Amino acid sequence: MSPTSAPSLVSDTTLDDLPLREDLRGHVPYGAPQLEVSVRLNTNENSHDVPAEVVRAVVAAIAEQVPHLNRYPDREADALRDALAAFLREQPASSGVPLTRGNVWAANGSNEVLQQLLQAFGGPGRTAIGFTPSYSMHPIITQTSGTAWVDGRRGDGFSLDPSAVAEQVRAAGADGHGADVVFLTSPNNPTGTALPLDVVEAAYEATRGVVIVDEAYAEFARPLHAGGTPSALTLLPGRPRLVVTRTMSKAFAFAGARVGYLAADPAVVDALRLVRLPYHLSSLTQAAATAALQHAGALLATVEDTKAQRDRLVAAMPSLGLRALPSDANFVLVGGFDDAPAAWKALLARDVLVRDVGIPGHLRITAGTEAETDAVLAALAEVVAAAEAAAHPEDTEDDDEGQQA
């Protein structure tokens with residue numbers, strides 16, 4: 001058969017034609033838009049490049065590994081877990097917690113950490129609960145593991161009350177034992193709000209299952225002396241079913257490296273060994289992340305600047321006729337749009353990409369550099385003015401008549 005007559009791999013086959021798992025039918029993949037724009041503030045990345053000194057250290061660490069890529073990586077990632085435990089011990093919001101390598105696990109981004117937790121503690125016949133709006137991957141990962149998902153309810157202002165959380169957690173499980181997996185987030189995505197520790201304690205007491213506190217944005221939280229909330233890491237002693245997940249994607253400006261991790265009782269780490277793929281973290285990833293952690297101070301130097309831009313966004317919203325929730329993360333949830341999808345498109349037309357998270361009247365804006373903040377505020381002012389003019393065309397006509405007179 002000649003190459004020109006070979007059968008084509010292009011066909012009209014759809015997912016409906018394949019023997020897909022029934023519980024996956026009708027679902028769509030995670031898909032934050034990846035568009036070429038000048039101002040990209042939709043995925044909560046760190047807008048600052050990796051500092052030159054860290055680049056040199058990472059490149060040198062990777063170069064040491066390249067000649068030995070014929071060998072499998074350290075299956076336990078011991079050096080990386082040592083470095084992660086040391087980093088967590090030094091954080092003010094979690095100081096005093098004696099974390100060691102045995103308490104820490106690492107994987108390819110916090111999403112793989114969450115996936116492994118669901119593989120170990122979820123599955124068919126088990127239930128997970130999360131309180132929406134929250135991180136959209138929690139229900140996606142839950143459902144792909146065959147675990148049933150329950151949408152928990154929040155109160156006014158997207159708040160969580162300890163007693164209401166406990167009641168919902170108990171109701172989500174069978175025989176009054178509570179949900180098998182509970183997702184909490186602090187700071188919460190997309191609201192940016194920190195979670196009081198009494199909510200975590202209430203959820204833990206309400207179930208025999210695992211309670212996961214997703215702290216992907218913890219480094220951006222207000223300090224304790226300024227009214228900030230302690231990390232859920234401080235609750236780990238004596239709570240073997242409590243798990244705190246973190247990532248190097250945000251504050252560390254390491255999103256492209258894909259490194260997430262957790263802190264928990266060593267028994268939880270042992271459970272994840274049962275479900276992880278062999279050699280799941282490459283030698284290059286381990287080397288890069290370990291080198292980066294040795295320069296944590298340089299990487300985290302941009303955090304204060306990001307927080308300043310976040311607070312600038314919050315402060316600027318009232319003058320635009322919008323409102324923003326106070327945020328402990330590197331993003332701001334902005335409300336007050338009459339038509340959020342239309343506002344999103346209008347911002348994109350001005351070369352600014354933010355996130356429509358599906359909450360009516362709201363858009364989420366990542367805190368970027370000072371120049372990016374300038375750009376998004378200028379674009380928002382134009383979008384708000386255009387929407388106001390479209391809603392009240394008679395005002396524009398009156399202005400035109402006055403100018404002609």
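## A walk from helix 8 outwards

Helix 8 is mostly covered, with ten of its eleven residues buried. This is a predicted model, and helix 8 is a good place to enter it. The buried residues of helix 8 are Ser 283, Thr 285, Gln 286, Ala 287, Ala 288, Ala 289, Thr 290, Ala 291, Ala 292 and Leu 293. Where do the buried residues of helix 8 pack? They pack against helix 1, helix 2 and helix 9, the last of these spanning 296–299.

Let us step back for a moment to see the whole protein. Its secondary structure comes to 13 helices and twelve strands. The radius of gyration is 23 Å, close to the 22 Å that the globule rule gives for 405 residues, so the protein is as compact as a globular protein of that length. If you turn the model along its principal axes, the C-alpha trace spans about 80 × 70 × 50 Å. Of the 405 residues, 47% count as buried. Among contacts with a separation of 6 or more, 72% are between residues 24 or more positions apart. The protein exposes about 19200 Å², and carbon and sulfur atoms supply 53% of that area.

Now come back to helix 8 and move into the loop that joins it to helix 7. Tyr 279 has its place in this loop. Tyr 279 counts as partly exposed because its relative accessibility is 30%, and the cut-offs for that class are 20% and 50%. Which residues does Tyr 279 touch, leaving aside those up to four places away in sequence? They are Tyr 72, Pro 73 and Arg 75. With Arg 75 there is a polar contact, side chain to side chain, at 3.3 Å. Tyr 279 also lies 7.0 Å from Asp 74, C-alpha to C-alpha, although the two are 205 residues apart in sequence.

A second link starts from this loop. The side chains of Arg 276 and Glu 76 meet in a salt bridge, at 3.2 Å from N to O. This pair links distant parts of the chain: Arg 276 sits in the loop between helix 7 (266–273) and helix 8 (283–293), while Glu 76 sits in the loop between helix 1 (52–65) and helix 2, 200 residues apart. Both Arg 276 and Glu 76 are buried. For Glu 76, the relative accessibility is 18%, which is why it counts as buried.

Glu 76 has another partner as well. Arg 81 forms a salt bridge with Glu 76, and the closest N and O atoms are 3.6 Å apart. Arg 81 is buried, since its relative accessible area is 3%. Side chains of opposite charge can pair when their charged atoms come close. Here the pairing extends to a network of salt bridges that links Glu 76, Asp 78, Arg 81, Asp 82, Arg 101, Asp 270, Arg 273 and Arg 276.

The structure holds 18 salt bridges, and one of them lies elsewhere in the chain. Arg 222 forms a salt bridge with Asp 328, with the closest N and O atoms 3.2 Å apart. Arg 222 lies in the loop between strand 6 (210–214) and strand 7, and Asp 328 in the loop between strand 9 (323–324) and strand 10 (331–335), so the pair ties together parts that are 106 residues apart in sequence. Are the two partners buried or partly exposed? Arg 222 counts as partly exposed, because its relative accessibility is 38%, whereas Asp 328 is buried at 4%.

Next, follow the chain on from helix 2 (78–89) into the loop that leads to strand 2 (104–107), where Gln 91 has its place. Gln 91 is buried, with a relative accessible area of 18%. Its side chain reaches the backbone oxygen of Phe 87 at 3.0 Å.

From there it is natural to go on to strand 2 and its partner, strand 8. The two run antiparallel and are joined by four bridges, and Ala 107 stands opposite Gly 260 in strand 8. Strand 8 also pairs with strand 7 (residues 242–247), again antiparallel, through five bridges; one example is Thr 245, whose bridge partner is Leu 262. How covered is strand 8 itself? Five of its five residues, 260–264, are buried. In a regular strand the side chains alternate between the two faces of the sheet. In strand 8, Gly 260, Leu 262 and Ala 264 point one way and Tyr 261 and Ala 263 the other way, and all are buried.

Key. Residues numbered from 1 in each chain as written. Heavy atoms only, no water. Buried < 20%, exposed > 50% of the residue type's maximum accessible area, 1.4 Å probe, protein only. Polar contact = N/O pair within 3.5 Å; in protein donor to acceptor, adjacent residues only side chain to side chain. Pairing = 2+ DSSP bridges. Salt bridge = Lys/Arg side-chain N within 4 Å of Asp/Glu carboxyl O. Rg over C-alpha atoms; globule rule 2.2 N^0.38 Å. Contact = heavy atoms within 4.5 Å. Areas by Shrake-Rupley, 256 points an atom, 1.4 Å probe, with all protein chains shown as cover.
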